[in-house]
Amino acid sequence: MLKQTRVIILHRMPYSDSSLIVKGFCFDFGVLSFLVKSAKSKNSPFKASLDPLSESEIVFNDSGKSDLHFIREASLIDWFPNLRKNLEKTAMAEVIAEILLRYLPAGLSQELDFRYTEKAFQILDRSENFQDVLARWLWHIADCEGYALNFSECIRCGTPISQIPADFSFESGGSICANCLGVFRPHYSPEFLQDIAHLVFRLPLQNPRQIEEEFFKYLKSHLGENREIKSYHWLQEVRNYAFCNTNS
Ligand SMILES: [Zn+2]
């Protein structure tokens with residue numbers, strides 16, 4: 001049975017001398033694996049459309065029997081060329097790809113996750129204000145996967161919180177109001193708590209890396225995996241090299 005879908009290519013590996021196995025995040029079917037015959041040949045009709053971190057439209061054959069599907073046609077929608085020119089942007093996209101590969105169940109449509117991922121790649125490709133991208137993506141994905149945190153009211157007393165929360169608790173599920181915090185010292189810095197408010201109000205984050213780190217830990221603990229996300233370590237290494245920071 002032939003099926004058609006948009007796909008973001010997450011990973012690619014050789015299968016034989018001429019073939020490849022490609023893993024992609026499909027708009028309609030979640031993460032699927034594909035066998036691409038003769039993909040390495042110069043005359044391959046697929047060319048860049050199956051490069052990792054590309055978005056393409058594909059037609060594939062779903063036999064229903066195997067987890068490996070055959071790609072019949074592929075046409076490139078976006079190669080995200082500017083994302084590829086910047087090491088930090090590429091590393092951020094790799095983290096997104098690796099998390100999707102590890103955690104998303106196969107075969108189920110996750111349209112919202114797909115839209116957030118596509119949007120994240122587009123911002124990485126088209127904007128120089130990309131520092132918040134991974135932090136925001138992690139926040140959205142936690143939401144999509146059913147681990148939403150409560151930002152709009154206090155998790156203890158239910159009082160609406162319209163500004164900066166007095167504290168925040170990932171373990172307990174969200175924001176805490178000044179009354180409930182009482183005489184205790186907040187777990188997070190004023191900067192972090194302000195960034196929590198900025199996330200919700202779509203304002204630029206002051207320290208996106210800290211937000212990113214906390215949401216990464218939160219998501220990882222909920223998705224119940226101890227496996228390393230290798231690209232996350234790579235991202236930290238990339239950032240430690242000043243040369244890749246083209247803005248400074
Ligand atoms: Zn409260």
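**A zinc site, two cores and some salt bridges**

At 15% relative accessibility, D51 counts as buried (buried is under 20% relative accessible area, exposed is over 50%, and partly exposed is in between, with a 1.4 Å probe and protein chains only). The model is a predicted one, so local features need pLDDT of at least 70 and side-chain atom pairs count only at pLDDT 80 or more, while totals for chains, interfaces and linings use all residues. Residues are numbered from 1 along each chain as its sequence is written, and side-chain values use heavy atoms, with hydrogens and water left out.

Back to D51, then. It forms a salt bridge with R12, and the closest N and O atoms are 2.9 Å apart (a salt bridge is a side-chain nitrogen of Lys or Arg within 4 Å of a carboxyl oxygen of Asp or Glu). R12 sits in strand β1 and D51 in the loop between β3 (30–36) and β4, so the pair ties together parts that are 39 residues apart in sequence (strands are DSSP runs of E, at least two residues; helices are runs of H or I, at least four; both are numbered from the N terminus). Unlike buried D51, R12 is partly exposed, at 33% relative accessible area.

Strand β1 has another such link: R6 pairs with E55, with 3.4 Å between the closest N and O atoms. This one also joins distant parts of the chain, since R6 is in β1 and E55 is in β4 (residues 55–61), 49 residues apart. Here E55 is buried, at 1%, and R6 is partly exposed, at 23%.

By this rule there are 12 salt bridges. One of them sits within helix α7, where E214 meets K217 at 3.5 Å between the closest N and O atoms. These two are 3 residues apart, which means about one helical turn separates them. E214 is buried, at 14%, and K217 is partly exposed, at 48%. Salt bridges with shared partners also join E88, R209, E212 and R239 into one network.

Next come the nonpolar parts. In soluble globular proteins, nonpolar side chains tend to be buried together. The largest nonpolar core has 51 residues, and I99, W137 and F215 have the most contacts inside it (a nonpolar core is a set of buried Ala, Val, Leu, Ile, Met, Phe, Trp, Tyr and Cys residues joined through side-chain atoms within 4.5 Å). Elements that each supply at least two residues include β1 (2–14), α2 (87–103), α4 (133–144) and α7 (208–222). Helix α2 gives the most, with 9 residues. Leaving aside neighbours within four places in sequence, W137 is in contact (heavy atoms within 4.5 Å) with I96, I99, L100, Y116, T117 and A120. Another core lies apart from the 51-residue one; this other core has 16 residues, among them V7, V22, V36 and A74.

Finally, the zinc ion. Its protein donors are the SG atoms of C154, C157, C177 and C180, lying 2.3 Å from it (donors are N, O and S atoms within 2.8 Å of the metal, or 3.2 Å for Na, K and Ca; water is not among the atoms, so sites may look incomplete). The spacing of the donor residues in sequence is C-x2-C-x19-C-x2-C. With angles of 106 to 114° among the 4 donor atoms, the site is tetrahedral (four donors count as tetrahedral if all angles lie between 85 and 135 degrees). C154 is buried, at 2%, whereas C157 is partly exposed, at 40%.

Terms used:
Four donors count as tetrahedral if all angles lie between 85 and 135 degrees; four count as square planar and six as octahedral if opposite donors are over 155 degrees apart and all others between 65 and 115; anything else is irregular.
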